[in-house]
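Work through these exercises with the model open. Try each task before reading its solution.

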Amino acid sequence: MLAWLHLWLGLTVGLVFAVVGLTGSVLAFQSELLQAAHPQLSRADLPALERQGQALARIMADAESRGIRSIDLPSARLPAWQAHAGKGERHYFDAATGEPLLVRTADNDLLLWLRELHTHLLAGENGEQVLGACGIVAVFLLLSGLYLWWPRLASLFVSLRWHAHPPERRWLSWHRSAGALLLPLLLLASVTGVALVYNQPVRAALRWTLYDGPEVVPPLPLAPRGERIDWPAVLRAAEGGLPGGALRRVNVLRGDNALVAIRARAAGEWHPNGRSMIWLDPYQARVVQVHDATAQDAGARISEAMYPLHGGFIGGRVWQCVVALAGLVPAFLFVTGLMLWISQKRRDARAVAATR
């Protein structure tokens with residue numbers, strides 16, 4: 001029964017697993033591919049913080065009309081301003097001047113289309129939920145495959161041997177050997193992917209299990225005053241609010257709350273955009289509250305490690321390549337599983353023909 005369930009889930013959900021894995025392999029290098037496709041986003045060095053503040057002021061002046069919600073500061077990984085608007089639209093601006101450079105959407109950019117396929121199956125929130133369910137099934141496939149393969153210790157190395165002939169033995173040996181040898185990587189990619197889809201319940205479960213303290217509470221809203229904001233001074237104040245950290249993302253002021261919230265990456269954080277927060281009064285360029293993500297309890301830190309582990313953002317180029325390799329394996333398992341099933345069907349057909 002378990003073998004039958006493993007087979008048919010693998011031939012159905014396994015296809016989704018393969019597509020998500022292949023797109024993930026490409027997206028592991030999305031920053032490099034983006035700059036290769038759009039050289040105008042690259043530059044040799046980043047401008048000083050004062051110059052960046054002046055560029056930010058220019059971007060903020062038109063942010064509302066462009067539908068921009070938040071803006072990523074230039075970094076070594078992407079040395080240009082990246083602004084996030086509705087429906088996944090992204091705007092790019094020169095790091096030093098704030099001059100518009102590029103607008104990307106899933107309709108005009110292959111990388112964003114692949115990202116939408118990888119994260120939402122091109123179906124928005126509904127696609128994300130389907131993806132989460134498929135991720136849970138993928139974990140079951142990996143664990144059930146391990147159970148079906150598990151050999152006696154004396155035959156461990158024999159069971160991992162790859163065979164060329166006959167076809168049925170070839171596909172079986174390739175399928176189970178690749179799955180067994182790369183199981184830790186596949187489980188890590190699958191579990192972290194599911195955790196990203198179900199981020200809030202997973203985070204709550206981890207915090208409850210590990211007895212975390214209460215979540216950080218943002219400061220009270222600040223009433224808008226219609227005064228000019230000195231963005232270079234705001235960035236200087238924010239940088240001083242988290243010594244040793246790097247400013248990563250600025251929210252666009254909206255509604256009745258004039259507080260500026262800036263995401264930052266504290267020293268030691270794995271997340272590429274950081275999960276630390278700095279809230280400021282922009283009119284006085286004064287820090288109101290700081291949340292250092294590295295000072296959180298274990299459950300919250302584990303929850304926030306899921307994305308950098310899944311996306312290959314830790315361990316430098318080595319882990320990035322490992323993540324890309326892991327993304328290729330589900331397609332290999334799907335193809336070898338499919339070929340094994342076809343070989344078995346052909347064998348059965350020959351056996352039936354021989355009895356006639």
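## Exercise 1: One glutamine at the surface

Task: Is Q200 buried or exposed, and which helix holds it?

Solution. This is a predicted model. Start with the accessible area: Q200 has a relative value of 57%, so it is exposed, the cut-off being over 50%. Next, place the residue. Q200 belongs to helix 9, which covers residues 199–209. Last, look across the sequence. S303 is 103 residues away from Q200 along the chain, yet their C-alpha atoms are 9.2 Å apart.

## Exercise 2: The chain as a whole

Task: How many helices and strands does the chain have, and what share of its residues is buried?

Solution. Count the elements: there are 12 helices and eight strands. Then take the extent. The C-alpha trace spans about 90 × 45 × 35 Å along its principal axes. Of the 356 residues, 45% are buried. Finally, check how far along the sequence contacts reach. Among contacts with a separation of 6 or more, 61% join residues 24 or more positions apart.

## Exercise 3: Helix 4 and its surroundings

Task: Which residues of helix 4 are buried, and what covers them?

Solution. Begin just before the helix. D109 caps the N-terminal end of helix 4, with a side-chain oxygen 3.0 Å from the backbone nitrogen of L111. Now go through the helix, residues 110–120. Its buried residues are L111, L112, L114, L117, H118 and H120. The cover over them includes helix 1, helix 2, strand 3, strand 4, helix 5 and helix 11. Just after the helix comes L121, which takes a positive phi of about 55 degrees.

Task: Which contacts do T23 and Q30 make beyond their sequence neighbours?

Solution. Take T23 in helix 1. Its relative accessibility is 6%, so T23 counts as buried. Leaving out residues up to four places away in sequence, T23 touches L114, L117 and H118. Each of these three is listed among the buried residues of helix 4.

Now take Q30 in helix 2. Q30 is buried too, because its relative accessibility is 18% and the cut-off is under 20%. With neighbours within four places set aside, Q30 is in contact with R77, L111 and R115. L111 is also the residue whose backbone nitrogen D109 caps.

## Exercise 4: Helix 10

Task: Which residues of helix 10 are buried, and which elements are included in their cover?

Solution. Helix 10 runs over residues 231–241. Its buried residues are W231, P232, A233, V234, L235, A237 and A238. Now look at what lies over them. The cover includes helix 3, along with strand 5, strand 6, strand 7 and strand 8.

## Exercise 5: Aromatic pairs

Task: How many aromatic pairs are there, and what is the geometry of W171 with W174?

Solution. The count is six aromatic pairs. One of them is W171 with W174: the centres are 5.4 Å apart, the planes make 80 degrees, and the pair is edge-to-face. Step along the helix next. W171 and W174 are three residues apart in helix 7, so about one helical turn separates them. Check exposure. W171 is buried at 15% relative accessibility, while W174 is partly exposed at 24%.

Compare Y307 and F313. Their ring centres lie 5.2 Å apart with planes at 40 degrees, so this pair is tilted. Y307 is partly exposed at 25% relative accessibility. F313 is buried, at 18%.

Finish with the cluster. Ring pairs link W162, W171, W174 and F332.

## Exercise 6: The second largest pocket

Task: Which residues lie nearest the centre of the second largest pocket, and which element gives the largest share of its lining?

Solution. Start with the space: the second largest pocket holds about 710 Å³. Its lining has 29 residues, and H6, L141, G145, L148 and H175 lie nearest the centre. Elements that give two or more residues to this lining are helix 1, helix 5, helix 7 and helix 12. Helix 12 gives the largest share, eight residues. Last, sort the lining by class. It has 19 nonpolar, eight polar and two charged residues.

Terms used. Residues numbered from 1 in each chain as written. Predicted model: local features only at pLDDT ≥ 70, side-chain atom pairs only at ≥ 80, totals over all residues. Heavy atoms only, no water. 1 Å grid on protein atoms, 1.4 Å probe; cavity = no way out; pocket = protein on both sides within 12 Å on 5 of 7 lines; lining within 4 Å. Points joined across faces, edges and corners; volume = space filled by probe spheres on them. Helix = DSSP H or I, 4+ residues; strand = E, 2+ residues; numbered from the N terminus. Nonpolar A, V, L, I, M, F, W, Y, C, P; charged D, E, K, R; others polar. Buried < 20%, exposed > 50% of the residue type's maximum accessible area, 1.4 Å probe, protein only. Contact = heavy atoms within 4.5 Å. Polar contact = N/O pair within 3.5 Å; in protein donor to acceptor, adjacent residues only side chain to side chain. Phe/Tyr/Trp six-rings, centres within 6.5 Å; stacked < 30°, edge-to-face > 60°.
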